[in-house]
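Student: Could we work through this model together, one question at a time?

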Amino acid sequence: MKRESAISIGYKSLAVLLLLYTLIFGLTNELPYQAIWEQSARNFFFHVPNWTVLIVLMGISLVQSLRVLRSYDPDLKLKRTSLELDVMAVEAAKVGIMFCIAGLVSGMIWARVTWGSNLPASDFAAWWNWDPKQTCALIAFFIYLGYFLLRTSFADPEQRAKVAAAYNIFAFATLIPLLFIIPDRLPGLHPTAEQGSQLVQLKVDATFTTVFFPAMIGFILLGYWIYEVRYRMGLVQYRLDEIEAERAYNEV
Amino acid sequence: MLQTIRHLLYKEFLLEWKQKYAFNGLLLYVLSMVVVISLAFIGKWQKPIWIIMYWLLMLFIAINAVAKSFLNERQGQHLYTYTLASPQAVFLAKLIYNFLLLSVMGTLSLWAFAFLAGMDMVSPGWMSLTVILGALVISANLTMVTAIAARAENRNTLLAVLSFPLIVPVLLILIDLSRFAVEGRASGINTATAYDQVYLLLGLGTILTGVSLILFPFVWRE
């Protein structure tokens with residue numbers, strides 16, 4: 001067996017095992033009782049990894065975008081062309097945005113039971129509180145929707161690759177303050193540095209960490225897995241299009 | 001480099017001076033908006049509404065004013081500029097020009113709000129500082145986004161769609177800081193937090209400008 005395929009099978013089975021573990025123990029484990037959270041604290045094993053995967057995938061997308069811009073340096077001999085790297089960047093961003101949606105939805109379910117439990121389910125405010133972190137997460141979602149819209153407004157793929165890469169890097173530079181710095185500076189409901197004493201207690205607790213860290217790694221591996229499948233499909237599609245275009249050109 | 005930036009800035013001001021309608025149009029826009037807002041809120045005037053209206057007005061001015069910077073240039077003209085100057089110089093000149101334009105517009109609309117809408121502030125100094133910082137970060141953000149949108153086909157839609165999400169977080173902090181300037185301690189924000197916000201805005205402005213300076217050469221080149 002080749003080394004690459006061994007690594008590939010290894011991390012995929014590790015992802016399956018860790019996620020199964022998270023699912024079983026995350027839902028059945030005995031948790032230390034927290035008055036404000038109660039059983040909803042279990043969402044911590046799913047909601048927080050969702051956002052971590054988003055950061056990891058957007059980070060991958062950022063790296064691919066940087067490589068796109070680097071590939072325009074004529075002195076460098078690179079294995080992949082800029083358009084192939086562009087496919088990888090956009091696929092990472094697509095998987096990232098799926099985890100962004102998952103994070104928003106799992107956050108809404110959590111908000112329903114902790115912040116909006118006194119409201120009826122038909123009331124939108126029961127699900128959405130316009131807390132700074134929630135708002136900023138929604139804005140992050142819009143920023144990446146803007147990335148996909150930007151990509152559709154170019155006819156020339158080379159130019160699209162270059163400008164989209166530049167926007168992606170610019171977007172990442174605003175994504176990090178948006179998710180980690182700005183919400184903590186504004187008054188809100190999410191546990192932040194000042195208000196998070198209960199969260200810190202829970203983190204230190206051993207029964208909590210034994211599920212949380214495997215969940216983190218499991219979700220990151222799952223995100224990478226989906227990304228790998230998607231970008232390989234994207235590259236195949238790109239080559240098929242190229243062959244098609246070449247044949248059409250030869251016929252003319 | 002500095003020489004080039006100075007020449008480019010001079011060109012921008014000369015253009016502005018020659019086509020006074022753009023600047024005057026913005027002024028008229030500010031005035032009519034302030035009048036409409038004052039009429040709409042007669043008797044129900046509250047400080048938070050005032051702040052939010054002010055920053056919404058600033059947002060629309062910013063998009064209108066900054067949109068001109070790259071979108072209105074004809075294809076040949078920008079090629080000509082780029083053969084003469086380095087892309088960094090072009091970008092910095094645009095950025096400084098946008099910053100000055102936005103600061104002037106922000107200050108003028110602040111006066112318009114203060115005199116026409118009869119708004120009082122606890123600390124006008126803090127409010128002016130907030131306006132200048134806002135002009136800095138918003139222009140740093142918008143200059144790059146317009147440069148990107150100018151390359152694409154549906155420029156105007158794209159400019160709005162790309163710039164709003166990038167500016168809203170900055171607006172959140174600016175609104176928070178203006179609440180401190182307008183309401184003072186009643187806003188629940190103390191001076192230390194306000195300074196924190198100022199540093200955060202300065203940091204954001206620096207990061208965005210730095211990233212833009214690195215990326216801009218890739219964006220303009222065909």
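The turns below take up the contact between two chains and then the helices of one of them.

Student: Which element gives the most residues to the side of chain A that touches chain B?

Tutor: This is a predicted model, in which 26 residues of chain A are in contact with 27 residues of chain B. The elements of chain A that give two or more residues to that side are helix H4 (132-152) and helix H5 (157-185). With 14 residues, the element that gives the most is H5(A).

Student: How many residues on the side of chain A that touches chain B are nonpolar?

Tutor: Sorted by class, that side of chain A holds two charged and four polar residues. The remaining class, nonpolar, has 20 residues.

Student: Is helix H6 (residues 124-151) of chain B largely enclosed, and how many of its residues are buried?

Tutor: At 1.5 Å a residue, the 28 residues of this helix should span 40 Å, which agrees with end C-alpha atoms that are 40 Å apart. A residue counts as buried if 20 or more other C-beta atoms lie within 10 Å of its own. H6(B) is largely enclosed by the rest of the structure, because its buried residues number 22 of the 28.

Student: At what angle do helix H3 (residues 47-71) and helix H7 (residues 155-183) of chain B pack?

Tutor: H3(B) passes H7(B) in a right-handed crossing, and the residues that meet include B:Trp55 in H3(B) and B:Ile167 in H7(B). By class, this contact has 14 nonpolar, two polar and four charged residues. The axes of the two helices lie 9 Å apart, and the angle is about 145 degrees.

Conventions:
Residues numbered from 1 in each chain as written. Chains lettered and ligands numbered in written order. Predicted model: local features only at pLDDT ≥ 70, side-chain atom pairs only at ≥ 80, totals over all residues. Contact = placed C-beta atoms within 7 Å. Helix = DSSP H or I, 4+ residues; strand = E, 2+ residues; numbered from the N terminus. Nonpolar A, V, L, I, M, F, W, Y, C, P; charged D, E, K, R; others polar. Expected span 1.5 Å × (residues − 1). Buried ≥ 20, exposed ≤ 12 C-beta atoms within 10 Å, placed from the backbone. Axes fitted to C-alpha atoms, helices over the stretch in contact; angles between N-to-C directions. Left-handed = near helix turned anticlockwise from the far one by under 90°.
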